[in-house]
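Student: I have a new structure open and I'm not sure how to read it. Could you walk me through a few features?
Tutor: Sure, let's have a look together.

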Amino acid sequence: MARVPAIGARAGNRDEDETRVLATDLPAGPAPARVRPLVAIALEGTLLDPWPGVAAVINMLSGATPQDVAAFEATGEYRSPWEIARAAGPWVTAGRPRPIPTGGWRVVINQTGRDPGDLAAHGRRLWELRGWRFEVPRVEKERLVRLSELANVLLVTGRDRKGLARAEEVLGWSPYGATTSEDAVRPDPQVLLRHGPTGHFIGSTAGDRATAEGARFVYHDASAGLRPILERMIRSLTPAGP
């Protein structure tokens, strides 16, 4: 069986450079004879940035701007976006007093106005209706299309199939296959192994790395950026000219 091109570092071997390209490991011969490698990409936080959508929902709930949300986040006292929205609404109504009171949402509400109550359910409904449309791809569609011409590209997501379909609409691109929350959940190795015995996984969290290690997939850390990794993969997999 032909070896999967080594275009990253084998998960579990921390001494190797995770973004090293070994073009000599690619199968020789014309493009049709090549074995298409399996390349899985984590959706949330790696390929798609959900935070602009979350910030948009917080704005719908409270009137807080992205700058306001960042100021609340910087306190480190809020466990969820819905707690930020709960505190930000009365704070915005009170005229955005600075500095933001410390001590969490209860203190902010006590000092600035009336408690709007738990906004989690309302926030999730707004996400379902509109929030997801504000998510931002972290790489251009053209790079995904080009990589898909050279490899079987998969998405790994904690969303259900409906959420995956929405993400594909935002990306303007559909993968070769996917693992959703209805199939398996990270760090279960079956997240990757259900698609094949070996391949590459691009992620950005400790859970992504653990998933790759469990499946013995090559792991690529995209926490510093996805585009350079895709560009190296594309260059490594592109057949040499005559």
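**Reading the fold, then the side chains**

Student: Before we dig in, what am I looking at, and how far apart in sequence are the residues that touch?
Tutor: Keep in mind that this is a predicted model. For contacts, you look at how far along the chain the partners sit. Here, among contacts between residues at least 6 apart in sequence, 62% join residues at least 24 apart.

Student: How many helices and strands does the protein chain have?
Tutor: The protein chain has ten helices and eight strands.

Student: What share of the residues counts as buried, and what does the surface look like?
Tutor: Burial is judged by relative accessible area, with buried meaning under 20%. By that yardstick, 48% of the 242 residues are buried. The accessible surface of the chain is about 12000 Å², and carbon and sulfur atoms account for 52% of that.

Student: How many aromatic pairs are there, and how do I read one?
Tutor: There are three aromatic pairs in the structure. To read one, check the distance between ring centres and the angle between planes, where over 60 degrees counts as edge-to-face. Take Phe72 and Trp91: their centres are 5.1 Å apart with 85° between the planes, so the pair is edge-to-face.

Student: Which parts of the chain does that pair tie together?
Tutor: Phe72 belongs to helix 2 (residues 66-74) and Trp91 to helix 3 (residues 81-93), so the pair ties together parts 19 residues apart in sequence. Both Phe72 and Trp91 are buried. Now let's take another pair, Phe201 and Tyr219, which is also edge-to-face, at 6.4 Å centre to centre and 65° between the planes. Phe201 is in strand 7 (residues 200-203) and Tyr219 in strand 8 (residues 218-221), 18 residues apart. Phe201 and Tyr219 are buried as well.

Student: Which residues make up an aromatic cluster?
Tutor: Phe72, Tyr78 and Trp91 form one together.

Student: Let's try a charged-looking name, Asp208. Where is Asp208, and is it buried or exposed?
Tutor: Asp208 is in helix 9 (residues 206-215). With a relative accessible area of 1%, Asp208 is buried.

Student: What does its side chain reach?
Tutor: For this, you look for polar partners. The side chain of Asp208 makes a polar contact with the side chain of Arg186 at 2.8 Å, and reaches the backbone nitrogen of Ser204 at 2.9 Å.

Student: Which residues does Asp208 touch, leaving out those up to four places away in sequence?
Tutor: Asp208 touches Ala42, Thr46, Arg186, Phe201, Gly203 and Tyr219. You've met Phe201 and Tyr219 already, as an aromatic pair.

Note on methods: Residues numbered from 1 in each chain as written. Predicted model: local features only at pLDDT ≥ 70, side-chain atom pairs only at ≥ 80, totals over all residues. Heavy atoms only, no water. Helix = DSSP H or I, 4+ residues; strand = E, 2+ residues; numbered from the N terminus. Buried < 20%, exposed > 50% of the residue type's maximum accessible area, 1.4 Å probe, protein only. Contact = heavy atoms within 4.5 Å. Areas by Shrake-Rupley, 256 points an atom, 1.4 Å probe, with all protein chains shown as cover. Phe/Tyr/Trp six-rings, centres within 6.5 Å; stacked < 30°, edge-to-face > 60°. Polar contact = N/O pair within 3.5 Å; in protein donor to acceptor, adjacent residues only side chain to side chain.
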